Amino acid sequence: MLTISRFILSLNAMQRDDASVLKDHGISPSAQRVAVAQYVLHTDDHPSADEVWTRVRERFPLVSRATVYNTLNLFVKKGLLRHFVLTEGRVVFDPNTDDHHHFIDDTSGKIHDVPWDAVRVSNVSKLDGFEVREYQVVMHGKRTRKKKRN
């Protein structure tokens, strides 16, 4: 049974783990940075900076918008996050730094990660006049079924 004291111990352990991750990436783990990491490094969503700020303020009410924006940009620079413009004019942050593609559900707007090997793109290296550094496929449509759970 999860008691309040066990929950607090668990939360403290998670904070230490996130602080260690930040240190491992050369980031000084201030309270604000750990608070941002606790949300953004563990979400399956692809939040905007304002969405991260809103979520972090639930637990850390005095954190400023500028601190959250600067922290997100630092996390990107240090390789903890990637940022994408997947929909017009909206930058989102993704804790999945492995190569993958995205599917955007037209009905809900939710962004889903798609495994790299699930989509085949050919002849990228043969594009005449272009030196491709990286690429990804962004698909739009309607999700038709629930993901199978193992």
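A residue is called buried when its relative accessible area is under 20%, exposed when that value is over 50%, and partly exposed in between. The tour below applies these classes to a predicted model.

**First stop: R82 and its partners**

Select R82, which lies in strand β1 (residues 82-87). Its relative accessibility is 18%, and R82 therefore counts as buried. Next, display the side chain of E134 as well. The side chains of E134 and R82 meet in a salt bridge, at 3.6 Å from N to O. This contact joins distant parts of the chain, as E134 belongs to the loop between β4 and β5, and the two residues are 52 residues apart. Now add R133 to the selection: R82, R133 and E134 are linked in a network of salt bridges.

**Second stop: R90 and E51**

Move to R90 and show E51 with it. These two residues form a salt bridge whose closest N and O atoms are 2.8 Å apart. R90 lies in strand β2 (residues 90-94) and E51 in helix α3, so the pair ties together parts that are 39 residues apart in sequence. R90 has a relative accessibility of 26% and therefore counts as partly exposed. E51 is likewise partly exposed, with a relative accessible area of 35%.

**Third stop: K110 and D45**

Select K110 and then D45. A salt bridge connects K110 with D45, and the closest N and O atoms are 3.1 Å apart. Because K110 sits in the loop between β3 (100-105) and β4, and D45 in the loop between α2 (31-40) and α3 (49-59), the pair ties together parts that are 65 residues apart in sequence. K110 counts as partly exposed at 33% relative accessibility, and D45 counts as partly exposed at 35%. The model's count comes to 6 salt bridges, among them the pairs K110 with D45, R90 with E51 and E134 with R82.

**Fourth stop: a nonpolar patch**

Turn finally to the surface and select V121, L127, F130, V132 and Y135. Together these residues form a nonpolar patch with about 440 Å² of accessible area. To place one member of the patch along the chain, centre the view on V121, which lies in the loop between β4 (111-115) and β5 (138-141). V121 has a relative accessible area of 33% and is therefore partly exposed. For residues to enter such a patch, their relative accessible area must be over 30% and they must have no salt bridge. With the view still on the loop between β4 and β5, E134 can be selected again, since that loop also holds this partner of R82.

Note on methods. Residues are numbered from 1 along each chain as its sequence is written. This is a predicted model: local features need pLDDT of at least 70, side-chain atom pairs count only at pLDDT 80 or more; totals for chains, interfaces and linings use all residues. Side-chain values use heavy atoms; hydrogens and water are left out. Patches are made of residues with over 30% relative accessible area and no salt bridge: like charges are joined within 9 Å, nonpolar side chains (Val, Leu, Ile, Met, Phe, Trp, Tyr) within 5 Å. Accessible areas come from the Shrake-Rupley method with a 1.4 Å probe; for residues, only the protein chains shown count as cover. A salt bridge is a side-chain nitrogen of Lys or Arg within 4 Å of a carboxyl oxygen of Asp or Glu. Helices (H or I, at least four residues) and strands (E, at least two) are DSSP runs, numbered from the N terminus. Buried means under 20% relative accessible area, exposed over 50%, partly exposed in between (1.4 Å probe, protein chains only).
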